[in-house]
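I opened a fresh notebook page for this one. Here is what I looked up, in the order I looked.

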Amino acid sequence: MRRFPHQELRVDADRLIERMRALEAFGRNDAGGIDRVAFSDANIEALDWVAGHLGAAGFQVGIDLAGNLIARKAGRDASLPPLMFGSHIDSVPGGGNFDGQVGSMAALEVATRLAEAGHRTRHPLEVAIFSNEEGGKTGSRILAGEFLPFEVDVQTASGYTIGDGLRRLGGDPDRLVDARREPGSIAAFLELHIEQGAVMETDGIDIGLVEGIVGIMRWNVAVDGMTNHAGTTPMDRRQDAMVGAARFIDMVHRTARGMPGRQVATVGRLAAEPGVPNVIPGRVVLSLEIRDLSMDGIERVFEAVRARSDRIARDAGVTFAFQRFYTSRAAPTDPRIRDLFEASARELGLVSRRMPSGAGHDAQSIALLAPVGMIFVPSIGGISHSPEERTEDSDIVNGANVLLRTLLALDERGLTGD
Ligand SMILES: [Zn+2]
C-alpha cells in the first residue's frame with residue numbers, strides 16, 4: 001500500500017491520559033464515577049473545558065443549533081466536505097468515566113497532535129461532541145433530521161426538558177430544522193468508543209472494527225387461553241396461557257441460538273392475567289425483542305419464531321397474536337472505512353476483529369448523512385454505565401492512534417482510493 005505523509009505520527013499518550021483524568025473531575029461523584037448528565041452544570045463546564053483546548057489547537061469552536069460542540073478547521077482543498085470525528089461527554093446518572101469520554105478525548109488528542117505537527121489536512125476537519133447522547137442521541141439525531149418535535153418537551157435526568165437543556169448549552173430548540181445537515185455534506189464520520197461488553201477482553205482483541213449498530217424490533221405478544229379454576233380443571237382440559245408463554249420463551253431462545261449469525265432475541269417482560277395463584281391464566285402478554293445487524297436478519301428470526309409458535313399454539317390450546325411497537329433501523333458502517341481501520345490497526349501491530357455494536361451510538365444517526373466508521377476499545381470486565389466502568393490507558397492510546405492513522409489515510413486517499 002502507498003505510504004502517506006505523517007504515517008509515523010502518533011498521539012501524545014501522556015497528554016491523552018492526563019486529559020482523561022482532568023475531564024473526570026467534571027461531575028465526579030462519591031462512588032468514583034461521574035454524574036455529568038446532559039444539560040447539567042458539569043456537562044456545560046466540561047464542554048467549555050474541551051472548547052478551550054480545541055481553540056488552543058487552532059480550531060474555530062462553536063455550539064450549533066442542536067447543542068453540539070462543533071470545532072472546525074479549514075483544509076487545503078476548500079471544495080471538499082469535512083471529515084468529522086468525535087463522540088459525547090455526557091453520562092448517565094451515576095455513570096463511569098469512559099463511555100463517550102474515551103472517544104471525545106481521543107478526538108481532542110488527534111486534533112491537538114495534528115496542530116502540533118503542523119499538518120494541514122486536505123479535507124476540512126470537524127470535531128463533534130454531540131449533545132445529550134445518553135438521553136436519546138439528541139444532537140446527532142437533530143443533525144440527521146430524525147428528531148421529533150414533541151421531544152423538546154421530554155423531561156431529562158438533569159431536571160430540564162430537552163428544549164430548555166439545548167438552550168442552556170447554547171442551542172435553539174425553536175430552529176432545529178435549520179440545524180440539519182444535508183446528506184453528502186460530511187465526507188465521513190469516525191467514532192472511537194468503549195466496547196461496553198466483555199468480548200474483546202476475553203478474546204484478547206485490541207481494536208473492535210464495528211460492522212454496524214444493530215437494528216431492533218420489539219413486539220407485544222398476547223398469548224390467549226382460557227381462564228379457569230386451578231383446582232377443578234383437570235390437567236388435560238386446560239388452555240393455560242402461562243404454559244404457552246413458557247414454551248414460547250424457551251422456543252425464542254433456542255431459535256435465535258440455533259440460527260446462523262449473531263442475532264439476539266429476548267423476552268424481557270411478562271404479565272399474566274388474572275395473575276393469582278388459584279386461577280389458570282387466561283392471558284399472558286409478553287415482550288419479544290430481536291436485534292441484528294440487518295433488518296432482514298431480524299425478519300428471518302421473527303418468521304421462524306412465528307412459525308414455531310403455531311405449533312405451540314396447537315399443542316397448548318392457546319393462540320399467539322403479535323403486535324410490533326418499536327423499530328430502530330440497523331446502521332451499517334462503511335466497509336471502506338472498516339478496511340482502513342483494519343489496515344491501521346495491523347500496521348500498528350494491534351489485533352483487531354470485526355464485531356457488531358449491540359448498543360446505540362451517535363454514529364448510527366450520522367450514518368444517515370455520511371459514510372461512518374467506528375472502532376471499539378476493550379471494557380474491563382465488560383462493565384459500563386457504572387462507576388466500575390474501566391478501560392486500560394494503553395487501550396485508550398491504541399484506539400487514539402488507530403483513529404489518527406485512519407483519519408490521515410482517509411484524508412489522503414479519500415474513500416474511492418483517489
Ligand atoms: Zn456512549
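**Entry 1: the two domains**

I started with how the parts of the chain touch. I found 6 residues of domain 1 in contact with 7 residues of domain 2. On the side of domain 1 that touches domain 2, I sorted the residues into 3 nonpolar, 2 polar and 1 charged. A reminder to myself: this is a predicted model.

Next I checked where each domain runs. The domain assignment gives domain 1 as 13-213 + 330-413, and domain 2 as 215-328. I then looked up the distance between the two centres, taken over C-alpha atoms, and it is 38 Å.

**Entry 2: helix α1**

I moved on to helix α1, which covers residues 13-24 and has 12 residues. From its first C-alpha to its last it reaches 17 Å, close to the 16 Å expected at 1.5 Å a residue.

Which residues of α1 are buried? I noted Leu16, Arg19, Met20 and Leu23. They sit on the same side of α1, because they cover an arc of only 110 degrees around the axis. I wrote the general rule beside this: an α-helix has 3.6 residues a turn, so residues three or four places apart point the same way.

I also looked at the face of α1 turned away from its buried side, and there I found the exposed residues Asp14 and Arg21. What covers the buried residues of α1? The cover includes α2 (41-56), α3 (101-116) and α12 (393-413).

**Entry 3: strand β6 and its partners**

Strand β6, residues 207-213, came next. It is mostly covered, with 6 of its 7 residues buried.

I went through the pairings of β6 one by one:

- With strand β15 (residues 352-357), β6 pairs in the parallel sense over 6 bridges. Here Leu209 has Arg354 as its bridge partner in β15.
- With strand β16 (residues 372-377), β6 runs antiparallel, and 2 bridges join them. Opposite Leu209 in β16 stands Ile375.
- With strand β14 (residues 331-332), β6 is again antiparallel, joined by 2 bridges. The bridge partner of Gly212 in β14 is Pro332.

I was pleased to see Leu209 turn up twice, with Arg354 in β15 and with Ile375 in β16.

**Entry 4: backbone oddities**

I kept the last page for the backbone. Where is the cis peptide bond that I noted? It joins Glu273 and Pro274, and omega is about 0 degrees. Pro274 lies in the loop between β10 (270-273) and β11 (279-280).

Then I looked at phi. Phe39 is a residue other than glycine, yet its phi is positive, near 80 degrees. I located Phe39 in the loop between α1 and α2, so my notes on this loop belong beside those on the helix α1. Is Phe39 buried or exposed? Phe39 counts as buried, because it has 26 C-beta neighbours inside 10 Å.

Asn132 is not a glycine either, and its phi is positive too, at about 45 degrees. I placed Asn132 in the loop between β4 (125-129) and α4 (138-143). With 31 C-beta neighbours inside 10 Å, Asn132 therefore counts as buried. For both residues I leaned on the cut-off of 20 or more other C-beta atoms within 10 Å.

Methods:
Residues numbered from 1 in each chain as written. Predicted model: local features only at pLDDT ≥ 70, side-chain atom pairs only at ≥ 80, totals over all residues. Helix = DSSP H or I, 4+ residues; strand = E, 2+ residues; numbered from the N terminus. Expected span 1.5 Å × (residues − 1). Buried ≥ 20, exposed ≤ 12 C-beta atoms within 10 Å, placed from the backbone. Arc of directions from axis to C-beta. Pairing = 2+ DSSP bridges. Domains from an automatic or database assignment. Nonpolar A, V, L, I, M, F, W, Y, C, P; charged D, E, K, R; others polar.
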